[in-house]
Amino acid sequence: MIENTTPLSPVQRRALRAAAHHLNPVVSISQKGLTPSVLAEIDRCLKAHELIKLRLYGIEREVREALFIEICTALKCAEVQHIGNLLVLWREN
């Protein structure tokens, strides 16, 4: 689990995973990685929706976890779920 400013209880995490199930990814991260503009777009999406999905393209498994930690730390959001190339993030407005 990633340490951040928004820890989630197991019940909250389960409810957010269920709510995120039908969502489509709103931001994609590819080989160029986490650029400042991509980070700003993730921040805008979190402000607008609180719960979002990200899709990663062509990024190795080890790097995915590091990206997840970097995003959660920089934007002070919570890790909800990480399955394959999909990341689910939540930040209360």
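Tutor: Contact here means heavy atoms within 4.5 Å. The model under discussion is predicted.

Student: Leaving out residues up to four places away in sequence, which residues does A20 touch?

Tutor: A20 lies in helix α1, which spans residues 10-20. Its C-alpha atom is 7.0 Å from that of L51, although the two residues are 31 apart along the chain. With residues up to four places away set aside, the contacts of A20 are L51, K53 and V88.

Student: Is A20 buried or exposed?

Tutor: A residue is buried when its relative accessible area is under 20%. A20 has a relative accessibility of 1%, so it counts as buried.

Student: What pattern of helices and strands does the chain follow along the sequence?

Tutor: The chain holds 3 helices and 4 strands. Read along the sequence, their order is α-β-α-β-α-β-β.

Student: What is the radius of gyration of the chain?

Tutor: The globule rule gives 12 Å for 93 residues. The value for this chain is close to that, so the chain is as compact as a globular protein of that length. Along the principal axes, the C-alpha atoms fill a box of roughly 35 × 25 × 25 Å. The radius of gyration itself is 12 Å.

Student: Among contacts between residues at least 6 apart in sequence, what percentage join residues at least 24 apart?

Tutor: One pair that is far apart in sequence is L8 and W90, separated by 82 residues, with 9.6 Å between their C-alpha atoms. L8 and W90 are also in contact. For the chain, the share of contacts joining residues at least 24 apart, out of those at least 6 apart, is 67%.

Student: Which element gives the most residues to the largest nonpolar core?

Tutor: That core has 19 residues, and I29, I42, L54, I71 and L89 touch the most other members. At least two residues each come from β1 (27-29), α2 (36-49), β2 (51-56), α3 (61-75) and β4 (86-90). With 5 residues, the element that gives the most is α3.

Student: How many residues are in the other core, the one that includes L16 and W90?

Tutor: This core lies apart from the largest one. Its members include A20 and L51 as well as L16 and W90. Its residue count is 8.

Student: Leaving out residues up to four places away in sequence, which residues does I29 touch?

Tutor: I29 is one of the residues that touch the most other members of the largest core. Outside the excluded window, its contacts are L34, V38, I42, L54, R55, L56, Y57, I59, L67 and I71.

Student: Is L8 buried or exposed?

Tutor: L8 sits in the segment before α1. Leaving aside neighbours within four places, L8 is in contact with R13, L16, A78, E79, V80 and W90. Its relative accessibility is 8%, so L8 counts as buried.

Student: What is the relative accessible area of D43?

Tutor: D43 is in helix α2. Beyond four places in sequence, D43 touches L75 and R91. The cut-off for buried is under 20%. D43 is buried, with a relative accessible area of 18%.

Student: Where is E50, a residue other than glycine with a positive phi?

Tutor: Most residues other than glycine have a negative phi. Phi of E50 is near 70°. E50 is partly exposed, at a relative accessible area of 27%. Its place is in the loop between α2 and β2.

Student: What is the phi of K76?

Tutor: K76 is in the loop between α3 and β3 (78-83). K76 is partly exposed, with a relative accessible area of 48%. Its C-alpha atom is 9.3 Å from that of W90, 14 residues away along the chain. K76 is not a glycine, yet its phi is positive, at about 50°.

Student: How far apart are the centres of the positive and negative side chains?

Tutor: The chain has 12 positive and 10 negative side chains. The centres of the two sets are separated by 5 Å.

Student: What percentage of the accessible surface belongs to carbon and sulfur atoms?

Tutor: Of the 93 residues, 40% count as buried. The accessible surface of the chain is about 5,600 Å². The part belonging to carbon and sulfur atoms is 54%.

Methods
Residues numbered from 1 in each chain as written. Predicted model: local features only at pLDDT ≥ 70, side-chain atom pairs only at ≥ 80, totals over all residues. Heavy atoms only, no water. Rg over C-alpha atoms; globule rule 2.2 N^0.38 Å. Buried < 20%, exposed > 50% of the residue type's maximum accessible area, 1.4 Å probe, protein only. Areas by Shrake-Rupley, 256 points an atom, 1.4 Å probe, with all protein chains shown as cover. Lys, Arg positive; Asp, Glu negative; His and termini not counted. Charge placed at Lys NZ, Arg CZ, Asp CG, Glu CD. Core = buried A, V, L, I, M, F, W, Y, C linked by side-chain atoms within 4.5 Å.
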